[in-house]
Amino acid sequence: MRSHPSAILLLALLVLGMFGPMAAAQDTQTLTVSIWGFNLDVLEENVFAPFEEMHNVDIVLDTGNNSDRLARLQAEGENTDIDVVHFATQFTYLASQEDLLQSYNPDMLENLDELYDWAKDPLGNQAGVGYTVNSLSLIYRSDLIEEAITSWADLLRDDVAGFVSIPEMSTTFGPATLIMIDRALAMGEMGDEMGEINYDADMAWDALPQLADNLVTTYIRSSALTTLVQEEEVWVAPYASFAIGNLINTGHDLSTVVPEEGVVGQTNMISITAASDQADLAHAYIDWFISHDVQLAEALDLIDSPVNATVELPEDICALLTCGEMLDTMIVLDQAQVSDRLEDWLERWNEVMVR
């Protein structure tokens, strides 16, 4: 007996309806990514959505600041569901010291050779790849502050008192801010002589009560700084270069400053957790993030400064990022030196700030 074509089509549609979605769901992988909750809309467009389509994967985000996400990783250990983690170098170092990360395989990263040498393996142990370089410098309201801001020590000036904000000590750039203030104060005593970085930052610690009196508040997230600037509560502050787009969008007259004592540069890194069983997919994610196209898109949107040396940027974009000549002059702090002091510094910081 011959089957009718319409009956065959109906049967095929029924089978597809019963098993097609189930099969598709089984084929879709999940990659859990720990990252900051900043610029996620742009990251979705430039990074996450294209990667999900290319690899038939669902990216699940775990967001928060460095400290909170590192604490989660420490608490969960081998039971974590996080596959890939984005950290500032300082926090990657801490995670690596506690064996929370697995080494990446250079042979699985086709775009690795396109990176600047200092981004390929920032910690020297393949704990992660640098995917962007940030700089910490100063920004100020040029329409409200008559005398130009030129130095880290200007955060202590009387004419800006009550309109200053700095990063919390627990954040990526908290220690760096104090170290650069110390550098400025030391140079003020020694004239123009550039000495080595003093990781004890004695002069800055002595000046911290004075600085505290100048603060309207401290900030943990760059989005909080943007809000403070938008609402005209902050006139001058250290800022990370990845926040420049949002700061410009406040519409205020803001001047960016490369302080005479220099800017702090650091890479943000992508690492694979020791507990992840998604090594192939995690490597593909890292490789996508450091590719020319993603690095270019992120730079043009003023999100991430590129570490892929094949990326060429217009001068007006480069001027707003950690790019060009600034790469040759920025100060890169020794993360071991910073990390060794951090616990003590947090206690000292709270003694001054929590009052």
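**Exercise 1. Contacts along the chain**

Task: Among the contacts with a separation of 6 or more, find what share joins residues 24 or more positions apart.

Solution: The share is 73%. The model behind this value is predicted. Next, take the residues themselves. The chain has 355 of them, and 52% count as buried. Then take the elements. The secondary structure comes to 14 helices and 10 strands.

**Exercise 2. Extent and surface**

Task: State what box the C-alpha atoms fill, and how much area the chain exposes.

Solution: Start with the box. Along the principal axes, its sides are roughly 100 × 45 × 40 Å. Now the surface. About 16,600 Å² is exposed. Carbon and sulfur atoms supply 49% of that area.

**Exercise 3. Charge count**

Task: Count the positive and negative side chains, and say how far apart the centres of the two sets lie.

Solution: There are 11 positive side chains and 61 negative ones. The two centres lie 4 Å apart. Some of these charges pair up: the structure holds 10 salt bridges.

**Exercise 4. Three salt bridges**

Task: For the pairs Asp81 and Arg72, Asp117 and Lys120, and Arg157 and Asp159, give the N to O distance and the exposure of each partner.

Solution: Go pair by pair.

- Step 1. The side chains of Asp81 and Arg72 meet at 2.6 Å, N to O. Asp81 is partly exposed, at 45% relative accessible area. Arg72 is partly exposed too, at 23%.
- Step 2. Asp117 and Lys120 meet at 3.1 Å, N to O. Asp117 is exposed, at 63% relative accessibility. Lys120 is partly exposed, at 22%.
- Step 3. In the pair of Arg157 and Asp159, the closest N and O atoms are 2.9 Å apart. Arg157 has a relative accessible area of 12%, so it is buried, the cut-off being under 20%. Asp159 is partly exposed, at 41%.

**Exercise 5. Spacing and network**

Task: Work out how Asp117 and Lys120 are placed in helix 5, then name the residues linked with Arg72 in a network of salt bridges.

Solution: Helix 5 covers residues 117-120. Asp117 and Lys120 are 3 residues apart in this helix, so about one helical turn separates them. Now turn to Arg72. Its network also takes in Asp62, Glu76 and Asp81.

**Exercise 6. A patch of charge**

Task: Name the residues that gather with Glu343 in a surface patch, and give the sign of its charge.

Solution: The partners are Asp344, Glu347 and Glu351. The patch is negative. Place Glu343 next: it is in helix 14, residues 335-353. Last, check its exposure. Glu343 has a relative accessible area of 63%, so it counts as exposed, the cut-off being over 50%.

**Exercise 7. Two positive phi angles**

Task: Give the phi values of Asn39 and Glu232, locate both residues, and decide whether each is buried or partly exposed.

Solution: Recall the general pattern first. Most residues other than glycine have a negative phi.

- Step 1. Asn39 has a phi near 60 degrees, a positive value. Asn39 sits in the loop between strand 1 (29-35) and helix 2 (40-55). With a relative accessible area of 11%, Asn39 is buried.
- Step 2. Glu232 has a positive phi of about 65 degrees. Its loop lies between helix 8 (222-230) and strand 8 (236-240). At 39% relative accessibility, Glu232 is partly exposed.

Notes
Residues numbered from 1 in each chain as written. Predicted model: local features only at pLDDT ≥ 70, side-chain atom pairs only at ≥ 80, totals over all residues. Heavy atoms only, no water. Patch = residues over 30% accessible without salt bridge, like charges linked within 9 Å, V, L, I, M, F, W, Y side chains within 5 Å. Areas by Shrake-Rupley, 256 points an atom, 1.4 Å probe, with all protein chains shown as cover. Salt bridge = Lys/Arg side-chain N within 4 Å of Asp/Glu carboxyl O. Lys, Arg positive; Asp, Glu negative; His and termini not counted. Charge placed at Lys NZ, Arg CZ, Asp CG, Glu CD. Helix = DSSP H or I, 4+ residues; strand = E, 2+ residues; numbered from the N terminus. Buried < 20%, exposed > 50% of the residue type's maximum accessible area, 1.4 Å probe, protein only. Contact = heavy atoms within 4.5 Å.
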